[in-house]
Amino acid sequence: MRGQTNLLSLAVALVLLTGATVLGVTFADAALAEADRDPGERHAARATADRLVAADAPTTVRANALDADAVGGLNATHLDDLSPPVAGADVRVAIDGDPVVVRGAPGGGTTVRRSVVVVSRSEETRRVDGLDNGSTIRVPRRVDRVTVDIDPGPNTTIRTVRANDRVVLHDDGGLDMSATTRLSRYEPTTLRVDAGANATGRVAVTYRPVTVEARTLTVTVDA
């Protein structure tokens with residue numbers, strides 16, 4: 001009886017060992033197949049991700065800071081020009097999962113991820129239509145330049161525009177113009193128009209505030 005029990009235990013052990021060996025070989029075969037396929041895809045995916053976030057790339061404002069406008073205009077042809085290793089391959093470029101460029105069906109390919117920030121600018125305009133002496137327009141922090149459009153009314157002379165008391169535009173003969181001036185981006189700015197008593201006319205200030213958001217860039221290549 002004891003001998004029969006030992007034989008049964010041995011048989012079970014052999015079955016378990018055989019199963020484990022088969023599974024191990026299966027996973028090893030799959031890993032080898034993946035390893036055989038990966039090098040080209042991985043090189044293309046890494047090269048494309050590296051080029052997209054490079055400081056001198058047309059898609060960035062600095063290293064790892066994507067220009068939202070430039071990325072929005074990206075297509076497969078631009079991608080091939082930027083990163084030749086990806087030319088002709090199925091590829092998907094996405095930001096936080098939202099596709100930016102998709103060619104083919106790269107679902108089973110190699111994916112490379114990069115942590116980035118996306119820098120975007122949206123144009124805003126603030127106006128003073130009923131100009132009077134000492135009219136002001138406030139510009140928020142992170143704006144480093146504005147375009148000032150000055151349109152004085154009849155019998156009105158505007159000689160000076162100040163930014164936080166610093167003179168940024170001046171003409172003794174009067175300002176009737178559109179001009180771009182730089183501001184400090186580290187603090188809000190108050191633009192003040194020096195005009196005489198009973199002044200009329202309008203002043204408009206246009207700027208593009210910067211928005212910076214942390215995102216994840218993914219590049220998937222299936223060659």
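Let me start at a turn. In the hairpin of S9 and S10, two residues lie between the strands, and Asn164 takes a positive phi near 50 degrees. This is a predicted model, so that angle is a computed one. Strand S9 covers residues 158-163 and strand S10 covers residues 166-170; the two run antiparallel and are joined by four bridges. Ala163 of this hairpin stands opposite Arg166 in S10.

Next, the open sheet. What is the order of its four strands? It reads S6-S13-S8-S11, with antiparallel pairing. Strand S6, residues 124-128, and strand S11, residues 178-182, stand at the edges; each has a single partner strand, so one side of each is left without a neighbour in the sheet. From one strand to the next, the twist averages 20 degrees. As for the contact between S6 and strand S13, residues 201-207, five bridges join them, and they run antiparallel. One pairing to look at on screen is Glu124, whose bridge partner in S13 is Tyr207. As a reminder, strands of a sheet pair through backbone hydrogen bonds, either parallel or antiparallel.

Now two individual residues, beginning with Arg114. Arg114 is in strand S5, which spans residues 110-121. Is Arg114 buried or partly exposed? Its relative accessibility is 22%, so Arg114 counts as partly exposed; the cut-off for buried is under 20%. Beyond the residues up to four places away in sequence, Arg114 touches Arg46, Ala49 and Asp50, and also Arg215, Thr216 and Leu217. With Asp50 there is a polar contact between the side chains, at 2.7 Å. With Leu217, the C-alpha atoms are separated by 5.1 Å, although the two residues are 103 residues apart along the chain.

The second residue is Thr59, in the loop between helix H1, residues 2-53, and strand S1, residues 60-62. Thr59 counts as buried because its relative accessibility is 2%. Which residues does Thr59 contact, leaving aside its neighbours within four places in sequence? They are Arg51, Leu52, Ala65, Leu66, Asp67, Ala70, Val71 and Leu74. For Leu52 there is a further detail: its backbone oxygen lies 2.7 Å from a polar atom of the Thr59 side chain.

Last, the rings. How many aromatic pairs does the structure hold? Zero. There is, however, a charge over a ring to show: Arg185 lies over the face of Tyr186, at 5.6 Å from the ring centre.

That is where I will stop.

Note on methods
Residues are numbered from 1 along each chain as its sequence is written. This is a predicted model: local features need pLDDT of at least 70, side-chain atom pairs count only at pLDDT 80 or more; totals for chains, interfaces and linings use all residues. Side-chain values use heavy atoms; hydrogens and water are left out. Buried means under 20% relative accessible area, exposed over 50%, partly exposed in between (1.4 Å probe, protein chains only). Contact means heavy atoms within 4.5 Å. A polar contact is a pair of N or O atoms within 3.5 Å; within protein, one must be able to donate a hydrogen and the other to accept it, and residues adjacent in sequence count only if both atoms are side-chain atoms. Two strands pair if DSSP finds at least two bridges between them. Rings of Phe, Tyr and Trp (its six-membered ring) pair if their centres lie within 6.5 Å; planes under 30 degrees apart count as stacked, over 60 as edge-to-face and the rest as tilted. A charge sits over a ring if NZ of Lys or CZ of Arg is within 6 Å of the ring centre and within 35 degrees of the ring normal. Axes are lines fitted to C-alpha atoms, for helices over the stretch in contact, and angles run from 0 to 180 degrees between N-to-C directions.
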